[in-house]
Amino acid sequence: MCNNLKRKNAFPDPTPHRISVKESIEVIRLNMDAFTNNEPMRHTERIKRRFAAVRPGETARDAMDRDPSLGKAKITKQCYRRLIAADPAPKIVANFVTTTIHYSEHRNLTAREAARLQSFPDGFEFKGRKTRMSWQHGLSQFEQIGNAVPPKVACSLGKSVIQILEGKTKQLSD
């Protein structure tokens, strides 16, 4: 962080337990109707078959290179990576609908699953379309989630700034 107040930055203590993708969103998968913003994409059978061939940590491109019967779509190495259930989630980006595959189901993440991985409280409701075409205005639910600073990160940063502004950190020497 930039710090023009000549005070040491305050950093949060490391978290003793790293939460895995499965630990974070399994309850959502098991109770799909109990959460808002939790409607899965309706994929074609061809896409479901392609996703089924993607191993944990691998992309759809890897699966297609291994098995040409999965099709010849122009998919880059950054697209459609299956999450690893036991690992912490990667950063959720605005186009996460094209970057992630659920760790155990052959589909993308729902908006609610991605929001949970970003640390949004389950009661936070995202408005607007689930996804958006380039000619449509406004931000989709997926873009709102992926563009956001994760709430727990924002809270930590805010607490650090307050400590600096209240003079609770050490003075930097000149």
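A residue is called buried when its relative accessible area is under 20%, exposed when that value is over 50%, and partly exposed in between. Keep these words in mind on the tour, and remember that the structure in your viewer is a predicted model.

Begin by selecting helix α2, residues 45-52, and then pick out I47, R50 and F51, which are buried. Turn the view until you look along the helix, and you will see that these residues cover an arc of only 100 degrees around the axis, which puts them on the same side of α2. The background to this is that an α-helix has 3.6 residues a turn, so residues three or four places apart point the same way. Now show the neighbours as well, since the cover over the buried residues of α2 includes α3 (60-66), β1 (81-82) and β2 (100-101).

Next, move to the aromatic rings, of which the structure holds four pairs. Select F120 and F124, whose rings form a tilted pair, with 5.2 Å from centre to centre and 50 degrees between the planes. Add F126 to the selection: the rings of F124 and F126 have centres 4.9 Å apart and planes at 55 degrees, so this pair is tilted. Ring pairs thus link F120, F124 and F126 into a cluster. Which of these residues are buried, and which is partly exposed? F120 is buried at 10% relative accessibility and F126 is buried at 3%, whereas F124, at 38%, is partly exposed.

The next stop concerns charged side chains, for the whole structure contains twelve salt bridges. Select R107, which is buried with a relative accessible area of 6%, and look for its salt bridge to E105, where N and O are 2.9 Å apart. E105 is partly exposed, at 24% relative accessibility. R107 also meets E113 in a salt bridge of 2.9 Å, N to O, and here both E113 and R107 are buried. If you extend the selection to E26 and R29, you will have a network in which salt bridges with shared partners join E26, R29, E105, R107 and E113.

For a salt bridge in other surroundings, select E39 and R42, whose side chains meet at 3.1 Å, N to O. Here E39 is partly exposed, with a relative accessible area of 44%, while R42 is exposed, at 75%.

Finish on the surface by selecting L5, V161 and L165, which make a nonpolar patch of about 280 Å². L165 lies in helix α6, residues 151-165, and is exposed, with a relative accessible area of 60%.

Terms used. Residues are numbered from 1 along each chain as its sequence is written. This is a predicted model: local features need pLDDT of at least 70, side-chain atom pairs count only at pLDDT 80 or more; totals for chains, interfaces and linings use all residues. Side-chain values use heavy atoms; hydrogens and water are left out. Patches are made of residues with over 30% relative accessible area and no salt bridge: like charges are joined within 9 Å, nonpolar side chains (Val, Leu, Ile, Met, Phe, Trp, Tyr) within 5 Å. Accessible areas come from the Shrake-Rupley method with a 1.4 Å probe; for residues, only the protein chains shown count as cover. A salt bridge is a side-chain nitrogen of Lys or Arg within 4 Å of a carboxyl oxygen of Asp or Glu. Helices (H or I, at least four residues) and strands (E, at least two) are DSSP runs, numbered from the N terminus. Buried means under 20% relative accessible area, exposed over 50%, partly exposed in between (1.4 Å probe, protein chains only). The arc is that of the directions from the helix axis to the C-beta atoms. Contact means heavy atoms within 4.5 Å. Rings of Phe, Tyr and Trp (its six-membered ring) pair if their centres lie within 6.5 Å; planes under 30 degrees apart count as stacked, over 60 as edge-to-face and the rest as tilted.
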